[in-house]
Amino acid sequence: QVDRYLYQLRLSDDVLLDVTARFQAEMGKGLARDTSPTAAVKMLPSFVRSLPDGSEKGDFLALDLGGSQFHIHWVKEFDDGKQSSQLESKSYPTPKEVMQGNGAELFDYIADCLSDFMETKNLKHKKLPLGFTFSFPCKQTKLEEGVLLAWTKHFRVRGVQDTDVVSSLHRALQKHQDIDVDVLALVNDTVGTMMTCGYDDQRCEVGLIIGTGTNACYMEEMRHIDLVEGDEGRMCINTEWGAFGDDGALDDLRTEFDRELDLGSLNPGKQLDPGPHCHSRNLLYWVKLYICSCALLLWIVYPMETKRTMPQRPVRADEGRLCPARFAGRLHRAVGRLVPACEVRFLRSRGGSGRGAAVVAAVARRLAAQRRRLHTALAALLLPPAILWELRDKMRAELEHGLKRETQAQATVKMLPTFVRGTPDGTEKGKFLALDLGGTNFRVLLVKIKSGRRRSVQMYNKIFAIPLEIMQGTGEELFDHIVQCLADFLEYMGIKGARLPLGFTFSFPCRQASIDKGTLVGWTKGFKATDCEGEDVVDMLREAIRRRNEFDLDIVAVVNDTVGTMMTCGYEDPNCEIGLIAGTGTNVCYMEDMKNIEIVEGNEGKMCINTEWGAFGDNGCIDYIRTKYDREVDEGSLNPGKQRYEKMTSGMYLGEIVRQILIDLTKQGLLFRGHISESLRKKGIFETKFLSQIERDRLALPQVRHVLRQLGLDSTCEDSIIVKEVCAAVSTRAARLCGAGLAAVVEKKRENQGVERLQITVGADGTLYKLHPHFSRILQETVKELAPQCDVSFMLSEDGSGKGAALITAVAKRLHNVGQK
Ligand code: 0WK
Ligand code: 0WK
Ligand code: BGC
């Protein structure tokens, strides 16, 4: 007979697993924007984003309301690296008339108790931060605020539901002139409990309460929490699982006793976990707790998309005060059976959730201080619109200086004539060789150009490495290496005998007297080969070919990579009269009216000008925006004082700027626990490609940490959030600076043409422009902002500047053949 009654309360593991799946579905509903309003399990964001890292310190007060007792704590946290804290507590009764009276009375009562506590502990003279554990479902939009959704357990206080309980507490506290506390955090008891245990065990990421009521919380990835802005990091979710089944999801398991009990409760149909306070504990209550705990653990350990790979992942949980030992044992065994791949350790919280609330307040204070200092550090990298307009105009002035005969010599932005007078007109044809030196890769290309109706360009290329010792060896070694690669390529293509015309993309500042002459003004980027500066690089190439004495070539043109890029895109879009490189280095070229180029004879037509804007600011005109980090990077570079604009905007340097900032923040104790690792000291370790990886949208923090680990940087979640912010600040500044420069160029073009609105295309290339997730978009937005009368389209150069060099060679050949040259 008795068995018949109890039988319906026994649930097999299959049923438990089924309910686990139901619960997981509920959790998914609670987290998703469109289903959360109707979800039974509310999954409330707590705005607790990080666990204690042991640097928390100071005196805190904590109120703990909602369990069987109302506690007030004085928590002293010691930054002694041992995560130790001292707790002084006092419990206060919660009379029925208070629990079922009106809101003002409840909060006045709390304030009176706090006043009594501070009196007893002689704390009234102190301004203290306070953490408030309020163990009821609250909707939060920030840590120090919480709107009560509904009362549960014994509480039925009027006039509090749908109001912010922190403001109510503030109002009550203000009635006590001699109390000065700062409510920094409102937390649910599960959150307080997780933080209390998190103080002792940093892997505690779940908080479990089984007491008067029951509930659990856990650390969830931000990208799974639709209700809160941002994808970075994690946040603790207060599941409020007490309401599981309120939508009937458990009706098939509820017994007549459950229904009976619910009908007799203060909130029939709600919180279908009867809990001890109404009637004697019943088995369904306990069984349900097993299920939810298992479901929650499954959810945490196996996010939907990774269920396939079953990593071993320890989870820590605190069970709350009232859980009888036998029950705990059953719970642990059930969890063990239902999620065998999880190694779950249950930790009983020492000192209840009060300490946790103080820890949350301490972490909140630490994070707030960290934010403030981080913003101060990054503020120097922000470029407000007014500064950008100014920079645009400064760049414009420098462009003019470079074009004018009387100022050209001193000009920092050299505005080098390229003797490229026109963009391709489709009549180009033939086979051409091209060399592409100066970017990330050195390429040798064979380009076949067809004209007329079947006009097309076919390309064969090979990438060769330029070892550092060659980049920084002698000029002879460098050009011999180039010719060696050329020989390998000609061999490989079987065209060694053919004396093909060659176009040489040489991505460094060269002063040209004609299309096939280029004197190197100065090395940039990672190159520093000796006996080259001031030399004609075409001659050096010819000499190297002569030295090798294996084949002969007709070097027809030497071009800058910006010019090659403009030509490559101009072949598709005749409106393309600007070439932009945002790669290892940065630069731009554009078609200028001959009448404005005072150092070249003639006023007819146009010529492409290689601006070499990388040197913008070498005269100090942008020093007011250079930060100490920029100066560090410049001093550590191959050419200190030179290419200042390039060192703030291009791929060769952005990673180094980030590294300098990370070192500074670590010195300030804001990162990596203040420890500057060997890796972080290593120059060049933070390559710009890592910025692009780290800044990718929706990249989960574990992946950011993975990137940092590859760099030998052991980071916390917070560290990786900060690193990501630093990367974003550095790359955004770079993109906006480039945008300001480009706006100056397109504005000049518009004025050149004397038109109200200019339509123009920019051909763009470079790994930073191509691979960084945000650089090109921010650059384009900045140009739009700073050149409102120009409709600028951007065209990505698919084939690099090698094709452009071949096209220029074809044009030069054509002009030569018709004797115009
Ligand atoms: C002790 C915690 C408190 C929580 C209580 C729950 O400090 O925040 O509300 O456990 O257990 P109960 O007192 O309801 O049995
Ligand atoms: C690809 C071009 C090459 C240029 C390079 C710049 O073909 O001429 O130098 O882009 O980008 P980087 O490789 O420096 O990122
Ligand atoms: C060079 C330019 C080149 C740019 C992009 C700069 O360092 O001075 O000539 O166009 O890098 O590669």
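The shell around ligand 2 leans on 10 polar residues, joined by 4 charged and 1 nonpolar. This is a predicted model, and 15 residues surround the ligand in it. Here's a quick look at that site, then at the second largest pocket and one annotated domain.

**Ligand 2**
- Closest to ligand 2 are Asp 436, Thr 440, Thr 584, Thr 767 and Ser 801.
- Three of these side chains have polar atoms facing ligand oxygens: Thr 767 at 2.3 Å, Thr 584 at 2.4 Å and Ser 801 at 2.5 Å.
- On its own, ligand 2 has 370 Å² of accessible area, and the protein covers 93% of that.

**Second largest pocket**
- This pocket comes out at about 1,100 Å³.
- Its lining counts 35 residues, and the ones closest to the centre are Thr 440, Thr 584, Gly 651, Met 652 and Glu 687.
- Thr 440 and Thr 584 turn up in both places: they are among the residues closest to ligand 2 and among those closest to the pocket centre.
- Two or more lining residues come from each of α13 (468-471), α19 (651-667), α21 (688-694) and α24 (767-771).
- The top contributor is α19, with 5 residues.
- Sorted by class, the lining splits into 15 nonpolar, 15 polar and 5 charged residues.

**Annotated domain**
- An unreviewed UniProt entry carries the annotation "domain: Hexokinase N-terminal" for residues 2-199 and 377-571.
- Looking at 377-571, the span is 36% helix and 25% strand, and its end C-alpha atoms sit 45 Å apart.

Key
Residues are numbered from 1 along each chain as its sequence is written. Chains are lettered from A and ligands numbered from 1 in the order in which they are written. This is a predicted model: local features need pLDDT of at least 70, side-chain atom pairs count only at pLDDT 80 or more; totals for chains, interfaces and linings use all residues. Side-chain values use heavy atoms; hydrogens and water are left out. On a 1 Å grid over the protein atoms alone, a cavity is a set of points where a 1.4 Å probe fits but cannot get out, and a pocket is an open set with protein on both sides within 12 Å along at least five of seven lines; lining residues have an atom within 4 Å of a point. Grid points are joined across faces, edges and corners, and a volume is the space filled by probe spheres set on the points. Helices (H or I, at least four residues) and strands (E, at least two) are DSSP runs, numbered from the N terminus. Ala, Val, Leu, Ile, Met, Phe, Trp, Tyr, Cys and Pro count as nonpolar, Asp, Glu, Lys and Arg as charged, and the others, Gly among them, as polar. UniProt positions are given in the numbering used here, feature names are shortened, and annotations may be inferred rather than shown by experiment. A residue is near a molecule or strand if one of its heavy atoms lies within 4 Å of it. A polar contact is a pair of N or O atoms within 3.5 Å; within protein, one must be able to donate a hydrogen and the other to accept it, and residues adjacent in sequence count only if both atoms are side-chain atoms. Accessible areas come from the Shrake-Rupley method with a 1.4 Å probe; for residues, only the protein chains shown count as cover.
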